[in-house]
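The following exercises concern a single protein model and its ligand. Please work through each task before reading its solution.

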Amino acid sequence: MQEGTLQTTQSTAPTATQLPQVHEQRNDGMPLDLDWVMAVQANTSAIERRAKTLPGRRSVKKDYQAAWLCKAISLIDLTTLSGDDSAGRVRRLCAKARQPVRADILEQLGMTGLTTGAVCVYHDMVETAVDALQGTNIPVAAVSTGFPAGLSPFHLRIAEIGESVNAGAAEIDIVISRRHVLTGNWQALYDEMREMRDACGDAHVKAILATGELGTLRNVARASLVCMMAGADFIKTSTGKEPVNATLPVTLTMIRAIRDYQDRTGIKVGYKPAGGISKAKDALVYLSMIKDELGDRWLQPDLFRFGASSLLGDIERQLEHHVTGAYSASWRHAIG
Ligand SMILES: O=C[C@H](O)COP(=O)(O)O
């Protein structure tokens with residue numbers, strides 16, 4: 001293997017049962033430290049320059065690529081968030097989460113027990129998804145708090161979290177009030193996040209920053225930090241509904257905030273890029289960036305997820321090509 005490639009510890013794809021089952025201490029947060037927040041800067045041109053070099057820096061081939069693509073699958077929050085979602089579509093999505101790749105392809109890869117990291121749906125679909133995933137360890141994530149704009153009355157946003165937890169959601173993806181970031185009202189953002197985290201109870205909370213609506217990378221960095229101080233288990237880029245969703249510069253900014261938070265507190269917070277990640281090759285760039293900036297520990301589902309509705313289809317297509325040498329039409333890899 002050439003130097004500078006993504007490496008696995010094995011020459012073939014690791015099986016899901018070989019993945020370490022580790023559980024990090026949960027992020028309980030800390031008091032809002034405004035001095036720290038205001039000291040945070042983001043050098044936009046340096047971040048953008050570095051982000052531009054990332055796609056060409058590393059490449060993985062053959063078995064290594066297949067192993068990394070299987071890893072990517074295990075990190076997907078397989079998502080449907082459409083106005084026309086139905087119980088049937090959600091059941092099909094859950095069947096795909098249980099068996100993300102055709103059995104004969106997995107057999108040829110020597111891979112067993114592979115599932116997606118979670119299934120992510122609107123509140124109304126939580127019970128259907130929980131039912132369809134019975135007998136697995138695949139958690140159901142619910143988008144919440146007036147997703148995607150987050151502008152419904154605050155007490156209703158908090159109540160929505162409780163409803164989804166009661167319906168069986170183990171993970172709650174909340175949306176923050178962008179205006180608190182845009183007006184620099186860090187105390188309001190902290191208080192809102194804290195209350196939402198408390199409403200989640202034992203369910204883990206992902207804070208969606210909607211970075212495409214935050215104006216600057218400095219705002220992204222500060223909002224990331226404030227949400228972590230308020231107890232976010234994950235910080236997530238986007239709802240998938242903003243005009244600009246997950247990007248590499250935003251990812252660099254957010255994962256460096258995660259690294260700083262760990263340096264200062266010893267606590268690891270997860271990262272979820274979401275929206276517009278639909279190609280296997282893009283997923284590999286994200287994984288390589290996480291490996292470089294945060295290290296291998298973050299390449300586990302308790303600390304990293306892709307929020308994606310169609311990425312799995314392209315990965316399955318690449319894996320089929322790896323095994324058979326032929327590309328199939330993308331319509332053969334429908335998700336929901
Ligand atoms: O959180 C997940 C996103 O809504 C999915 O976005 P996508 O449909 O662009 O993959």
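**Exercise 1. Which residues are in contact with V119, leaving aside its neighbours within four places in sequence?**

Solution. Contact here means heavy atoms within 4.5 Å. With those neighbours set aside, V119 is in contact with L78, L93, C94, A97, A129, L133, I138, P139, V140 and A141.

Before going further, note that the model is predicted: local features need pLDDT of at least 70, side-chain atom pairs count only at pLDDT 80 or more, and totals for chains, interfaces and linings use all residues. Residues are numbered from 1 along each chain as its sequence is written, and side-chain values use heavy atoms, with hydrogens and water left out.

**Exercise 2. How many residues does the largest nonpolar core have, and which have the most contacts inside it?**

Solution. Step one is the definition: a nonpolar core is a set of buried Ala, Val, Leu, Ile, Met, Phe, Trp, Tyr and Cys residues joined through side-chain atoms within 4.5 Å. Buried means under 20% relative accessible area, exposed over 50%, and partly exposed in between (1.4 Å probe, protein chains only).

Step two is the count: the largest core has 101 residues, and V119, I174, C227, F306, I315 and L319 have the most contacts inside it. Helix α10 (residues 217-229) supplies the largest share of this core, nine residues. Helices (H or I, at least four residues) and strands (E, at least two) are DSSP runs numbered from the N terminus. A second, separate core has seven residues, including L81, A141, V175 and I208. In soluble globular proteins, nonpolar side chains tend to be buried together.

**Exercise 3. Determine whether the length of helix α12 agrees with its expected span, and how enclosed α12 is.**

Solution. The expected span is 1.5 Å times one less than the number of residues. For the 14 residues of α12 (residues 280-293) this gives 20 Å, and the end C-alpha atoms are 20 Å apart, which agrees. Because 10 of the 14 residues are buried, α12 is largely enclosed by the rest of the structure. The buried residues of α12 pack against α2 (44-57), α3 (62-74), α11 (248-265), β7 (270-272), β8 (306-308) and α13 (311-324). After α12 comes G295, with a positive phi near 100°.

**Exercise 4. Describe the surroundings of the ligand.**

Solution. Taking residues with a heavy atom within 4 Å, one finds T79, L81, K236, T239, G240, A274, G275, G276, G307, A308 and S309 around the ligand. Next come the polar contacts, here pairs of N or O atoms within 3.5 Å:

- K236: a side-chain N or O atom is 3.2 Å from a ligand oxygen atom.
- G276: a backbone N or O atom lies 2.8 Å from a ligand oxygen atom.
- S309: a polar side-chain atom lies 2.5 Å from a ligand oxygen atom.

Finally, the protein covers 84% of the 310 Å² of accessible area that the ligand has on its own (Shrake-Rupley method, 1.4 Å probe).

**Exercise 5. Where is T145 found, and is T145 buried or exposed?**

Solution. T145 is found in the loop between β3 and α7. With a relative accessible area of 0%, T145 is buried. T145 has a positive phi of about 60° although it is not a glycine. P148 is also placed in the loop between β3 (140-143) and α7 (154-166), and a cis peptide bond with omega about 0° joins F147 and P148. Most residues other than glycine have a negative phi, and most peptide bonds are trans.

Note on methods: A polar contact is a pair of N or O atoms within 3.5 Å; within protein, one must be able to donate a hydrogen and the other to accept it, and residues adjacent in sequence count only if both atoms are side-chain atoms.
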